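User: Could you take a close look at one part of this structure for me? I'm new to this, so please walk me through how one of its sheets is put together and what packs on it.

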Amino acid sequence: MARTFMTCTPAEAWRIFREHFSPQVSSHQVPVSDALDCILAEEVLAPEDLPPFPRSMMDGFAVLARDTAGASPEQPIRLILVGEVPMGRAAELKLKPGECALVHTGGMIPSGSDAVVMIEHTRQPSPQAVEVLHPVIPGEHIIQPGEDVRRGQIVFHAGHQLRPQDLGGLLALGITQVTVARPPRVGILSQGDEVVPPEQTPGPGQVRDVNSYTLAALTRRAGGHPILLGIAPDRVETLIAMARHGWKTCDLLVISAGSSVSYRDMTAEVINALGRPGVLVHGISIRPGKPTILAVCDGKPVFGLPGNPVSAMVIFELFVSRVIREMMGAPIPFRRTVQARLAKDVPSVSGREDYAQVRLEQRDEEWWAVPIPVKTMLIYSLIHADGFIHVPAESTGLAAGEWVTVFMH
């Protein structure tokens, strides 16, 4: 059922939306070698101990630690060298008290030994003898079986985003396939008779399509798969047809422009034609992005974003990116922050959340956040910004000189 244009807080808007949308994670298997940045759909258990055998952490001599007690350069302790453990081979030697064996970094430790003396802390007066110059304690310079990972241990939880080092850890355990969340297909539809493709020279009163491509990039950053649906003219029948195609073929639909209340803004009408319950929120007490639409149509999330580039990007990051992550079972990604002093006052209105763009300047070893005057139709106001600051709804503004948290772009 359509809602009239009536603003609510961002928290209330999110609550209303989540009452009608329950994300479901779709998964598939991929080779670990292709899984960088993928989101795990299942927890991963270690199928074996890692390492599976005791390994030396360095080149040296495997010893029984108590044989080295009291060793020093002035009073070295002499041990009998009984052999070498070749790399990539099982240690067939078994040491007795007073004996040692040459081992290499990563190689297996022979039974009977419980420590490794660094080769730099030894002398070899003859091929059959080694002098130990520094004592070692049991376990020194040895990685024990399972010390890295124990068999049956949870290696990664569902929702974890795989990093380069994670791929190496999986392969070290012999795991070559993982079940990951399938990236949701995000349909992006621009609207407006004045909007033309970027490769086209705009005529009088026309502008190039910016939002399709910036929102597609934000989709990829969130982990989704963007699908550009084109530019719809300001004709309700055509817009409905294009929106319905996107709604049918994608997992999430974003319509850019046409969410305000001017006579030709038809997004709410179009969204309500896609399915029930339709528009849930039309208007959020936020700047920029007040005329935002949140909707669910027969189980699929649909968003109507303002056409102004700054507003569209801010709202996408606040709402759409979050939904994309939820559809993969993933947490909201960490955003780098910087503490800085505010260079100028940032006025606001009580009851409205503001997101003010700032650039960072370093002055006398302190970071200062310089507010950028933002007109929401100016894409370069975002380009010149290093990040943004949040002005909470209960505030009437932030004063120059106070410390703020800058959320980096």
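Analyst: Here's a walk through one sheet, its edges and the helices that pack on it. Keep in mind that this is a predicted model.

Let's start with the strands. The sheet is open and has 6 strands, in the order β16-β13-β17-β21-β20-β18, and the pairing is mixed. Notice that the numbers don't simply count up as you read across. At the edges you'll find β16 (225-232) and β18 (277-282). Each has a single partner strand, so one side of each is left without a neighbour in the sheet. Going from one strand to the next, the twist averages 20 degrees.

Now zoom in on the β18 end. Strand β18 runs antiparallel to β20 (residues 293-297), and 5 bridges join the two. Want one pair to find on screen? Look for V279, whose bridge partner in β20 is A295.

Next come the helices. Helix α3 (residues 211-222) packs on the sheet and touches β13 (185-191), β16, β17 (252-256) and β21 (300-305). Its direction makes about 165 degrees with that of β16. Helix α4 (residues 236-249) lies across β13, β16, β17, β20 and β21. Compared with β16, helix α4 runs at about 170 degrees.

So edge strand β16 is a handy place to keep your eye on: β16 has a single partner strand in the sheet, helix α3 touches it, and helix α4 lies across it too.

Key. Residues numbered from 1 in each chain as written. Predicted model: local features only at pLDDT ≥ 70, side-chain atom pairs only at ≥ 80, totals over all residues. Heavy atoms only, no water. Pairing = 2+ DSSP bridges. Helix = DSSP H or I, 4+ residues; strand = E, 2+ residues; numbered from the N terminus. Axes fitted to C-alpha atoms, helices over the stretch in contact; angles between N-to-C directions. Contact = heavy atoms within 4.5 Å.
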